[in-house]
Amino acid sequence: MNDWITVCKIDDILPETGVCALVGKAHVAIFRPYHSNELYAISNIDPFAHASVLSRGIIGQHDDELWVASPLKKQRFRLKDGYCFDDENNSIPHYEVKVNDDGSVLVKAD
């Protein structure tokens with residue numbers, strides 16, 4: 001497939017939060033950690049709780065690594081690649097994401 005899917009406008013994602021989007025058949029969490037167009041996209045599925053909730057997690061940073069903590073079981077997933085700091089065997093997919101000149105947020109579907 002490898003198509004870019006428009007999911008929302010950058011202004012729809014408040015800084016320091018995330019949103020969930022359905023990209024193809026994947027639940028994708030898109031995060032905007034700063035007051036900029038810098039975005040990250042990882043799976044929204046928490047592999048420990050088997051629930052689509054990561055977009056509601058808390059964004060944190062340690063040693064220049066941005067991560068989100070699951071709102072359910074608190075495991076931390078690195079935003080740039082979905083790596084699970086608490087159990088690398090439960091790392092999750094990450095997705096390419098970009099902002100067009102018109103402010104549209106696009107995620108690359110697998």
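**Strands 3 and 4.** I looked first at how strand 3 (residues 26-32) meets strand 4 (residues 40-43) in this predicted model. The two strands run antiparallel, and I find four bridges joining them. For individual positions, I asked which residue of strand 4 is the bridge partner of A29. That partner is I42. I also noted that V28 stands opposite S43 of strand 4.

**Strands 4 and 10.** I then turned to the pairing of strand 4 with strand 10 (residues 94-95). This pair is again described as antiparallel, with two bridges between the strands. Within strand 10, I identify Y95 as the bridge partner of A41.

**The sheet.** I next asked in what order the strands of this open sheet lie. The order is 2-3-4-10, four strands with antiparallel pairing. Strand 2 (17-23) and strand 10 are the edge strands, since each pairs on one side only. I keep in mind that side chains in a regular strand alternate between the two faces of the sheet.

**Secondary structure overall.** I asked how many helices and strands the protein has. I count zero helices and twelve strands. Read along the sequence, the pattern is accordingly β-β-β-β-β-β-β-β-β-β-β-β.

**Overall dimensions.** I checked the radius of gyration, which is 13 Å for the protein. A compact globule with 110 residues would have a value near 13 Å, so the two agree. Taken along the principal axes, the C-alpha atoms fill a box of roughly 40 × 30 × 20 Å.

**Burial and surface.** I looked up what share of the 110 residues is buried, and the figure is 42%. The accessible surface of the protein comes to about 6,100 Å². Carbon and sulfur atoms account for 46% of that surface.

**Contacts.** I considered contacts between residues at least 6 apart in sequence. Of these, 42% join residues at least 24 apart.

**Charges.** Finally, I looked at where the charges lie on average. The protein carries 11 positive and 17 negative charges, and I note that their mean positions are 5 Å apart.

Note on methods
Residues numbered from 1 in each chain as written. Predicted model: local features only at pLDDT ≥ 70, side-chain atom pairs only at ≥ 80, totals over all residues. Heavy atoms only, no water. Pairing = 2+ DSSP bridges. Rg over C-alpha atoms; globule rule 2.2 N^0.38 Å. Buried < 20%, exposed > 50% of the residue type's maximum accessible area, 1.4 Å probe, protein only. Contact = heavy atoms within 4.5 Å. Areas by Shrake-Rupley, 256 points an atom, 1.4 Å probe, with all protein chains shown as cover. Lys, Arg positive; Asp, Glu negative; His and termini not counted. Charge placed at Lys NZ, Arg CZ, Asp CG, Glu CD.
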